[in-house]
Amino acid sequence: MNLRVLFQQLDALLAQKEWEKAETLLQESLRQAEPDSQAALTLTNELTELYRKAGQPAKALPTAAQALEMAKRMGFAQAELYGTLLQNAASACLEAESTEQGLDYASRAEAFWREHGMGAGSPVAEALETLSRLYQQREQFDEALECQKKVLEIVRTQCQGKPEDVRLGAALAALADLYYRSSRYENAVSTYEEALEEIQRTTGDSELFRITRQNMLLALAASRL
């Protein structure tokens, strides 16, 4: 099987949003692949991502689980690939609102990356961001806030010495949004103010700045009720 040619065909179909044809191509290729081979694992993961891109996250859940089981059988349970597959599965669950399973995957992804010495890295931040959003789906705002605060800590560390890095302002705005959603209006206002200062410093009067300012005004009004 020539994966390079296959992915050229796949990219062409995706560019045209020919989701059904892309699905057929991957499924037929999977039937031709050797079981528990690198090609089969790659194709299964690609099928998961296809379903997510096509807006069919529920169909991505079984293929995400299959990719994880396949990777484990192939001896990849300690390889970085496994952490990536866990995060992919958690993201699919978030999109499909399969919250319970998503919390399991995202928690395992966070633990995996921490065990591999990436406690202050982007993979942990991504897992925590996913956890926060999953907790929000369950309206467990205390847990969601704790995860989002940890994301902010990681981003602060990563942005030190990088004056043009826009991620800190976005992370502060995300935390402020969550304070607002959980009716912690005074916390929301102060965090929005910090976010606005950071966003203006890095991007000026951008769309993000205008949205964040409007959200702060809403939080300020709510805090005075």
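Just after helix H10, Gly204 takes a positive phi of about 70°. This glycine is a convenient place to enter the structure, which is a predicted model.

Helix H10 itself covers residues 185–203. Its 19 residues, at 1.5 Å a residue, should span 27 Å, and the C-alpha atoms at its two ends are 25 Å apart, which agrees. Part of this helix is hidden from the surface: the buried residues include Ala188, Val189, Tyr192, Leu196 and Ile199. Thr191, Ala195, Glu198 and Thr202 are also among the buried residues of H10. What do the buried residues of H10 pack against? Their partners are helix H9, residues 167–181, and helix H11.

Helix H10 can now be placed in the whole. The protein has 11 helices and 0 strands, so a reader who follows the sequence meets the pattern α-α-α-α-α-α-α-α-α-α-α. The C-alpha trace spans about 65 × 40 × 35 Å along its principal axes. Of the 225 residues, 45% are buried. Contacts can also be sorted by how far apart the two residues are in sequence. Among contacts between residues at least 6 apart in sequence, 56% join residues that are at least 24 apart.

The surface comes next. The accessible surface of the protein is about 11,800 Å², and carbon and sulfur atoms account for 48% of it. The protein carries 24 positive and 34 negative side chains. The centres of these two sets lie 1 Å apart.

Some of these charged side chains pair up. Counting a side-chain nitrogen of Lys or Arg within 4 Å of a carboxyl oxygen of Asp or Glu as a salt bridge, the model has 15 salt bridges. One of them joins Glu100 and Arg138, whose closest N and O atoms are 2.8 Å apart. Glu100 belongs to helix H6, residues 99–115, while Arg138 is in the loop between helix H7 (122–137) and helix H8 (141–159), so this pair ties together parts that are 38 residues apart in sequence. Are the two partners buried or exposed? Glu100 is exposed, with a relative accessible area of 57%, and Arg138 is partly exposed at 37%.

Another salt bridge stays inside one helix. Arg114 and Glu110 meet with an N to O distance of 2.9 Å. Both residues lie in helix H6, 4 residues apart, which is about one turn of the helix. Arg114 is partly exposed, with a relative accessible area of 38%. Glu110 has a relative accessibility of 14% and therefore counts as buried, since the cut-off for buried is under 20%.

Helix H11, residues 207–223, has a pair of this kind too. Arg210 forms a salt bridge with Glu207, with 3.0 Å between the closest N and O atoms. The two residues are 3 apart in the helix, a separation of about one helical turn. Arg210 is partly exposed, with a relative accessible area of 37%, and Glu207 is partly exposed at 48%. Salt bridges can also share partners, and in this way Glu49, Arg52 and Glu95 are joined into one network.

The backbone gives a further point to look at. Most residues other than glycine have a negative phi. Which residue in the loop between helix H5 (80–96) and H6 has a positive phi although it is not a glycine? That residue is Glu97, with a phi of about 60°, and its place is the loop between H5 and H6. Glu97 is exposed, at 62% relative accessibility.

Glu139 also has a positive phi of about 60° without being a glycine. Its place is in the loop between H7 and H8. Glu139 is exposed, with a relative accessible area of 60%. The loop between H7 and H8 has already appeared, for Arg138 of the salt bridge with Glu100 is located there.

A last pair of residues gives a sense of distance. Leu218 lies in helix H11 and is partly exposed, with a relative accessible area of 40%. From Leu218 to Val124 the distance is 31 Å, C-alpha to C-alpha, and the two are 94 residues apart in sequence.

Notes. Residues are numbered from 1 along each chain as its sequence is written. This is a predicted model: local features need pLDDT of at least 70, side-chain atom pairs count only at pLDDT 80 or more; totals for chains, interfaces and linings use all residues. Side-chain values use heavy atoms; hydrogens and water are left out. Buried means under 20% relative accessible area, exposed over 50%, partly exposed in between (1.4 Å probe, protein chains only). The expected span of a helix is 1.5 Å times one less than its number of residues. Contact means heavy atoms within 4.5 Å. Accessible areas come from the Shrake-Rupley method with a 1.4 Å probe; for residues, only the protein chains shown count as cover. Lys and Arg count as positive and Asp and Glu as negative; His and the chain ends are not counted. The place of a charge is taken as NZ of Lys, CZ of Arg, CG of Asp or CD of Glu.
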